[in-house]
Amino acid sequence: DLPRFVKIVEVGARDGLQNEKNNVPTSVKIQLIHKLVAAGLSVVEATSFVSPKWVPQLADAKDVLTGIPQVPNVRFPVLTPNLRGFEAAVAAGAKEIAVFASASESFSKSNLNCTIEESLVRYRDVTAAAKKHGLRIRGYVSCVIACPVEGAIHPSKVAYVAKELYNMGCSEISLGDTIGVGTPGTISERVYMSLISHRRSFVFIMSSVSGSVVPMLEAVMSFVPVDKIAVHFHDTYGQALANILVSLQMGISVVDSSVSGLGGCPYAKGATGNVATEDVVYMLHGLGIETNVDINKLMEAGDYISDHLGRPLGSKTATALRKL
Ligand code: HMG
Ligand code: MG
């Protein structure tokens, strides 16, 4: 059964912009966020309180967060990698934070400059402080299918990190296919089993990509309730919508996406943006699933940022609808 309503977590202003080489003015980021809210999105990730040496584009985090007026019933989570970032976020008025760990040791090192265990120790402090302030906490796990350096990541590693984040008080765990290599068979066992019986060659693709026959979502769902799980697919291999559909069939009803498919992680070379929000909304509405998002207003946000970046639209739906 598919959910009736899917909550979209719009990550374009953060995940989408963090990798842009040219500085995007603070006013443009704020305007983009406004347009995303006007389109009906109720969760708009705003920025990251990370080291400006690591992510120069988001050095204006404080000005972005203080520049967006608080809107009732709209949440603006911000990424915080450590207590220092947490304190800066709180000082700027953050009501919701996100911590981000990795299921891959190599990626943890390149993204956070520490081991997975060290990151979890830091996040225990951050989440304890957030709970004291009564803030909501989102937890990301990256490299849930594969890592750019290590290749396939075993689902048990993903499940472990997800469980730790959940147990320290994250109210939602977002599972990130950072480099976008996952296919429906690597996401869910149900699909994997039917594919395996139809196509022997698939076994090869599956084992070379995921290295495992225990699909990832089932592994996480044995520790984290399904209504606390979000999926975060990058569309590098064009698999994101298929993976989202399989995730919905598994009972997931929170989907991360980025307007106009903006983005990529600065520490995952070659990875493209997240699945485009317009494409997700088009698919969901086509399935009769509600989102509260107005696709026309969403496309205005996509036009605005694509114009600013001087880039063609990164959403197939928006490209098609603009031609009508
Ligand atoms: P480090 O170099 O090990 O830490 O970085 P440090 O403590 O030595 O600090 C280095 C410098 O940064 C120092 O400045 C600190 O003061 C400063 P200096 O003394 O040299 O002038 N600093 C900070 N400044 C501002 N805010 C802070 C902060 N902390 C330290 N919070 C650190 C460790 C964690 C800080 C660094 O590695 C970092 O900022 N990493 C963030 C990387 C990042 O944002 N990556 C992208 C987001 S993750 C992602 O995209 C994946 C996701 O989308 C899911 C998916 O797709 O799978 C979520
Ligand atoms: Mg991401």
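Here is a short chat about how some labels in this predicted model are earned.

User: What makes L120 partly exposed rather than buried or exposed?

Analyst: Its neighbour count. L120 has 19 C-beta neighbours inside 10 Å. Buried needs 20 or more and exposed needs 12 or fewer, so a residue in between is called partly exposed. L120 therefore counts as partly exposed.

User: Where does L120 sit, and what does L120 touch?

Analyst: L120 lies in helix α6, residues 116-132. Leaving out residues up to four places away in sequence, L120 touches A101 and E164. A contact here requires C-beta atoms within 7 Å. As for V161, which is 41 residues away along the chain, its C-alpha atom is separated from that of L120 by 8.2 Å.

User: How do you know that β10 is largely enclosed?

Analyst: Five of the five residues in β10 (residues 229-233) are buried, so the strand is largely enclosed by the rest of the structure. Both faces are covered, with I229, V231 and F233 buried on one side and A230 and H232 buried on the other. That split fits a general pattern: in a regular strand, side chains alternate between the two faces of the sheet.

User: What makes β10 a partner of both β9 and β11?

Analyst: Bridges. The cut-off for pairing is at least two bridges between two strands. Strand β9 (residues 172-177) pairs with β10 in the parallel sense over five bridges, and L175 stands opposite V231 in β10. Strand β11 (residues 254-257) pairs with β10 over two bridges, also in the parallel sense. There, D256 of β11 is the bridge partner of H232.

User: Why is the β10, α12, β11 unit called right-handed?

Analyst: The test is to look with the strands pointing away from you: if the path from the first strand over the helix to the second runs clockwise, the crossover is right-handed. The unit made by β10, helix α12 (residues 240-249) and β11 is right-handed.

User: What makes β2 and β3 edge strands?

Analyst: Each of them pairs on one side only. The open sheet has nine strands in the order β2-β1-β11-β10-β9-β6-β5-β4-β3, with parallel pairing. At the β3 end, β3 pairs with β4 (residues 78-79) over two bridges, which meets the cut-off of at least two. In β4, V78 is the bridge partner of T47.

User: Which strands does α7 lie across, and at what angle does α7 run to β6?

Analyst: Helix α7 (residues 155-167) lies across β5, β6 and β9, and runs at about 170° to β6. Angles go from 0 to 180 degrees between N-to-C directions.

User: How do you know that α13 is mostly covered?

Analyst: Seven of the 10 residues in α13 (residues 277-286) are buried. They are T277, E278, D279, V280, V281, Y282 and L284. These buried residues pack against β1, α12, β11, α14 and α15. G288 follows α13, with a positive phi near 80°.

User: How many residues surround ligand 1, and which are closest?

Analyst: There are 27, with S51, G85, N113, S142 and G176 the closest. The elements giving two or more residues to this shell are α4, α5 and β6. The largest share, three residues, comes from α4.

User: What classes make up the shell around ligand 1?

Analyst: The shell has 12 nonpolar, 12 polar and three charged residues. Gly counts as polar in this scheme.

Terms used:
Residues numbered from 1 in each chain as written. Chains lettered and ligands numbered in written order. Predicted model: local features only at pLDDT ≥ 70, side-chain atom pairs only at ≥ 80, totals over all residues. Near = placed C-beta within 6 Å. Helix = DSSP H or I, 4+ residues; strand = E, 2+ residues; numbered from the N terminus. Contact = placed C-beta atoms within 7 Å.
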